Each structure stands twice: as C-alpha cells, then as structure tokens.
Amino acid sequence: MMSSFHEPIKCLFFFLRTDVASVSPWSAPIIWEGNFDSTLIDSIYKQQNLTIATTVFALGKYTRFVKDFLESAEQHYFVGFRVHYYLFTDQPESVPEVKMGENRSLTVQNVPSLNRWQDISMSRMEKLENLIENELVNEADYIFCLDIDTKFYGRWGAETLGRLVGVIHPWFFDAPRSQFTYERRPESKAYIPVEEGDYYYAGAAFGGSLEDVHHLTKTCREQLNIDAANSIEAVWQEESHLNKYFLLNKPSKLLSPEYMWRDINEKAAQIKIVRFTNVPKNYAEVRPNP
C-alpha cells in the first residue's frame, strides 16, 4: 500500500466559526467553510504526491448523470491533484466522453444489471472491497466513494483528506438524534438503539485511507450478508450499515453538509457554500423498482 499523510496538522484548522460545531465529541474536526485555510492545506498536501481514487456507480438510467458529475468534478474536485475515477456500470457503451485534466483518468468497470435499486445499493460495499484489494493497493493513497446522481458546485479539496471520513447527512445535520433514521430492529446487524448515535451520516459520500475504507467496506459487506441470510434488509440498506460502522469506528474527520447538500436551490443559514449536491430527479422514473 502506498504511504499516506493521513491527518492534517491541527493548526491548519482555525475553528473561526461560532454558529456551528467545528469539532466532534471525540475531537475530530468538522469541516465547514470558514474554518480552514485552503491555500495552506494544499501547499502541504501537494508535497505528498498523492493519488485519490474515486468510485461511482451508474447502473441503468443513472448513466444520464455521468457527464455532469465528471465535468463538474474536473472543475472543483481535488484540482491540482492526481485523481483516478472508477465508474461501475452495466452500460459501458453509454459512458460519455469527458475531457480529463493532467494526471486525471477514468476507468470503466462493467458490472451486471440488477432489478432492484436496493440491491444496487447493497452490492456496492463488496465491489469497493474487491477494488481496493485487487487494484488499488499500490495505486492510490486515499479513496472517496460518491453517488453519481450528484454535481460539484464548489471546492472539494485536501481539507477532506483523513484516515476515515464521514459526511453529515444534509437532512439531519440540525435534527435531534431521536429523528435519525437508523435501523431500529434488533434483528439487523445495522441496529442502533434509540439512546445511541452521534450523527447521521450520508451513504452518498464517504472515504479515507485505503486501509480504513477497506475495513469499512469488508465489515459492512459481512454485516449485509448476515442480514440477507436472516431475510432482513436494513431500512436504508448500505447507509444503515455505514451508520452502524461509524458508531463503532469513529471517523477521524467529518465533513459538513456543504459536501453533500440536498439541492443547489435549497438554503440553510449554516450553509455558506454548497460544494456538492444531489441532482433533482424523479426517483420513480430513474429507479428500476419502487
């Protein structure tokens, strides 16, 4: 595995904002606009000659989102760094040509079609686990796993790098824990009791070092398989298992909802900039099943 400069020097985070929490209860930084120096961070991380692997899945009608995702990523995502995108799709012939910058590349991986969007969601952990084991061990330093039905509108850079990185879900960042949609059935391996939980994390974006994300994906894949053997499907599939994993394995860095917002046209007082957001869509039209 390539060596990684896992955690930024603490003095790079100045915690200037007083309207939001800039540190978790276990002292992990929470990244918001206004509490980091992008120029200083880039100058330090660019000395490390890093490669960031980035995975997305585009099955069925979701191939329509590939062009906007890649074009906007080339404008805003780890600009000036070496980035290798890995696109998993059942329609490789539908992947559009997108001009890549220097030290940026795209690998398309053909995967079988699936009849349920829930199965697509649950199969991702196994695909990511295998990718890290078989292809990335000596090819990348960090990996981010992102949803394809999204678009970048602002900087997503080296301030996001860390050993294990979770993104606070945009629907629950200012909600009480009692409203978090964790899996509440004790029969599921994703079960989280009502009195437990730190944050609700988005399944649409997570990342970290290869070693840590490999452990995450392997663990979630194993837990998903145990649930399947017991005829249980967690309420939000892999996202439920991701939240259970992060409860037991605290992220070393949290990204604010700037890094996974609901819609570019929605506003919230705490959100000074929208960096990455869902693309509005008719789920009934793009998904293969209800």
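## Exercises on a predicted model

E239 belongs to helix α5, which covers residues 237-248. The model is predicted, and the exercises below work through its annotated sites, its sheet, its aromatic rings and its confidence values.

**Exercise 1. Determine whether E239 is buried or exposed, and state which residues E239 touches.**

Solution.
- Step 1. The relative accessibility of E239 is 15%.
- Step 2. Buried means under 20% relative accessible area, so E239 counts as buried.
- Step 3. Setting aside residues up to four places away in sequence, E239 touches H169, Y200, Y201, A202 and G203.
- Step 4. In the UniProt record, an unreviewed entry, the feature "active site" is placed at E239.

**Exercise 2. Identify which residues UniProt lists for "binding site", and explain why they can be said to gather at one spot.**

Solution.
- Step 1. The unreviewed UniProt entry lists H169, T181 and E239 under "binding site".
- Step 2. These residues span 71 residues in sequence, yet no two of their C-alpha atoms are more than 10.8 Å apart, so they gather at one spot.
- Step 3. T181 lies in the loop between β7 and β8.
- Step 4. With a relative accessible area of 28%, T181 is partly exposed, whereas E239 is buried.
- Step 5. Not counting residues up to four places away in sequence, T181 touches F172, Y200, V235 and W236. Y200 also appears among the residues that E239 touches.

**Exercise 3. Give the strand order of the open sheet and name its edge strands.**

Solution.
- Step 1. The open sheet has 8 strands in the order β1-β9-β7-β8-β5-β2-β3-β4, and its pairing is mixed.
- Step 2. The edge strands are β1 (30-31) and β4 (104-110), each of which pairs on one side only.
- Step 3. In general, strands of a sheet pair through backbone hydrogen bonds, in either the parallel or the antiparallel sense.
- Step 4. A parallel pair is formed by β2 (residues 51-58) and β5 (residues 142-146), over 4 bridges. Here T54 stands opposite F144 in β5.
- Step 5. An antiparallel pair is formed by β5 and β8 over 5 bridges. The bridge partner of Y142 is S209 in β8.
- Step 6. β7 and β8 also run antiparallel, joined by 4 bridges. L164 stands opposite G208 in β8.

**Exercise 4. State how many residues of β8 are buried, and which helix lies across β5, β7 and β8.**

Solution.
- Step 1. Strand β8 is mostly covered, with 9 of its 9 residues buried.
- Step 2. Helix α4 (residues 210-229) lies across β5, β7 (164-168) and β8 (201-209). The direction of α4 is at about 140° to β8.
- Step 3. Helix α2 (residues 66-76) lies across β2, β3 (82-89), β4 and β5, and runs at about 175° to β3.

**Exercise 5. Classify the aromatic pair of Y245 and F246, and state which rings are linked into a cluster.**

Solution.
- Step 1. The structure holds 25 aromatic pairs.
- Step 2. In the pair of Y245 and F246, the centres are 6.3 Å apart and the angle between the planes is 65°.
- Step 3. Planes over 60 degrees apart count as edge-to-face, and the pair of Y245 and F246 is edge-to-face.
- Step 4. Y245 is buried, at a relative accessible area of 6%, and F246 is buried at 0%.
- Step 5. Ring pairs link F69, Y77, F78, F81, Y85, F144, F152, W156, Y259 and F276 into a cluster.
- Step 6. F81 is also in contact with D42, as are R155 and A158, leaving aside neighbours of D42 within four places in sequence. D42 is found in helix α1 (residues 38-45) and counts as buried at 14% relative accessibility.

**Exercise 6. State which elements have the lowest and the highest mean pLDDT, and where the pLDDT is below 50.**

Solution.
- Step 1. The chain averages a pLDDT of 89, and 88% of the residues score at least 70.
- Step 2. Among the elements of the chain, the lowest mean pLDDT is that of helix α6 (residues 283-286), at 57, and the highest is that of β7, at 98.
- Step 3. Over residues 1-6 the pLDDT is below 50. Beyond near neighbours in sequence, this stretch has 22 contacts in the model.

Terms used: Residues are numbered from 1 along each chain as its sequence is written. This is a predicted model: local features need pLDDT of at least 70, side-chain atom pairs count only at pLDDT 80 or more; totals for chains, interfaces and linings use all residues. Side-chain values use heavy atoms; hydrogens and water are left out. UniProt positions are given in the numbering used here, feature names are shortened, and annotations may be inferred rather than shown by experiment. Helices (H or I, at least four residues) and strands (E, at least two) are DSSP runs, numbered from the N terminus. Buried means under 20% relative accessible area, exposed over 50%, partly exposed in between (1.4 Å probe, protein chains only). Contact means heavy atoms within 4.5 Å. Two strands pair if DSSP finds at least two bridges between them. Axes are lines fitted to C-alpha atoms, for helices over the stretch in contact, and angles run from 0 to 180 degrees between N-to-C directions. pLDDT is the predictor's confidence in each residue, from 0 to 100. Rings of Phe, Tyr and Trp (its six-membered ring) pair if their centres lie within 6.5 Å; planes under 30 degrees apart count as stacked, over 60 as edge-to-face and the rest as tilted.
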